[in-house]
Amino acid sequence: MHFHKYEKIWLGFGLSMLVVFLLVLGVGAFAMGTAPPGHHGVQVDPEKVEQIAPFNKPGLHKVRDNEYEAIMVGKIFSYLPSAMTVPVGATVHFSITSPDVVHGFQIVGTNVNAMVVPGEVNNISHKFTKAGTYLILCNEYCGSGHEFMATTITVQ
Ligand code: CUA
């Protein structure tokens, strides 16, 4: 059997790309802990969000030095708490759920971008290394007041 020179080059290229993709996938999955989303975490009855701890008292709590927990509720058409302030370098662990419909949770200028689904508690952490006022907005269409659904986190 005879292979044309270009055919060999392209076969080699294809095989090496396969190896590169598998390496990227393997390093991401096993060395960096990347996993697809979708596993169920903590669940909560959406109709009782405002009575059940910790969501009955949304707010920012200090866990330890420069580490905070933000208990948040996203509902039509606002977030609770309405504003937060943390020092530069703080890591914030957000826990957020919704009592009504699906909302979004995006912190502009960071890679924090999550869905806020009724019945599910979404946990996401972020370290704020730069001072400023970060806009948190809803990026899932949730009704007539969707565009007004926003809050801020001030890092100073
Ligand atoms: Cu909430 Cu859009």
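## Charged pairs around β2

The side chains of Arg 64 and Glu 67 come together in a salt bridge, with N and O 3.0 Å apart. The two partners sit differently with respect to solvent: Glu 67 counts as buried at 19% relative accessibility, while Arg 64 is partly exposed at 49%. If you are wondering how Glu 67 earns its label, the cut-off for buried is under 20% relative accessible area. Please keep in mind as you read that this is a predicted model.

How many salt bridges does the structure hold? The count is 4, and the pair of Arg 64 and Glu 67 is one of them. Another joins Lys 62 to Asp 65, where the closest N and O atoms are 3.9 Å apart. For this pair the solvent picture is simple, as Lys 62 and Asp 65 are both exposed.

## A link across the sequence

Glu 50 and Lys 75 make a salt bridge too, and their closest N and O atoms lie 3.3 Å from each other. Glu 50 belongs to the loop between α1 (5-31) and β1 (59-64), whereas Lys 75 is in strand β2 (residues 67-75), so this pair ties together parts that are 25 residues apart in sequence.

Are these two residues buried or exposed? The answer falls in between: Glu 50 is partly exposed, with a relative accessible area of 40%, and Lys 75 is also partly exposed, with a value of 21%.

## The five-stranded sheet

Further along the chain, 5 strands build an open sheet with mixed pairing, and their order is β4-β10-β9-β6-β7. At its edges are β4 (83-86) and β7 (113-116), each of which pairs on one side only. From one strand to the next, the twist averages 20°.

Within this sheet, it is worth looking at β9 and β10. Strand β9 (residues 132-137) runs antiparallel to strand β10 (residues 150-155), and 6 bridges join them. To find the pairing by eye, start at Gly 132, which stands opposite Val 155 in β10. As a reminder of what holds such neighbors together, strands of a sheet pair through backbone hydrogen bonds, either parallel or antiparallel.

## Cysteines

How many disulfides does the structure hold? There are 0. In general, a disulfide is a covalent bond between the sulfur atoms of two cysteines. Two cysteines to look at here are Cys 138 and Cys 142: Cys 138 is buried at 6% relative accessibility, and Cys 142 is buried as well, with a relative accessible area of 12%.

Methods
Residues are numbered from 1 along each chain as its sequence is written. This is a predicted model: local features need pLDDT of at least 70, side-chain atom pairs count only at pLDDT 80 or more; totals for chains, interfaces and linings use all residues. Side-chain values use heavy atoms; hydrogens and water are left out. Helices (H or I, at least four residues) and strands (E, at least two) are DSSP runs, numbered from the N terminus. Buried means under 20% relative accessible area, exposed over 50%, partly exposed in between (1.4 Å probe, protein chains only). Two strands pair if DSSP finds at least two bridges between them. Axes are lines fitted to C-alpha atoms, for helices over the stretch in contact, and angles run from 0 to 180 degrees between N-to-C directions. A disulfide is a pair of cysteine sulfur atoms within 2.5 Å.
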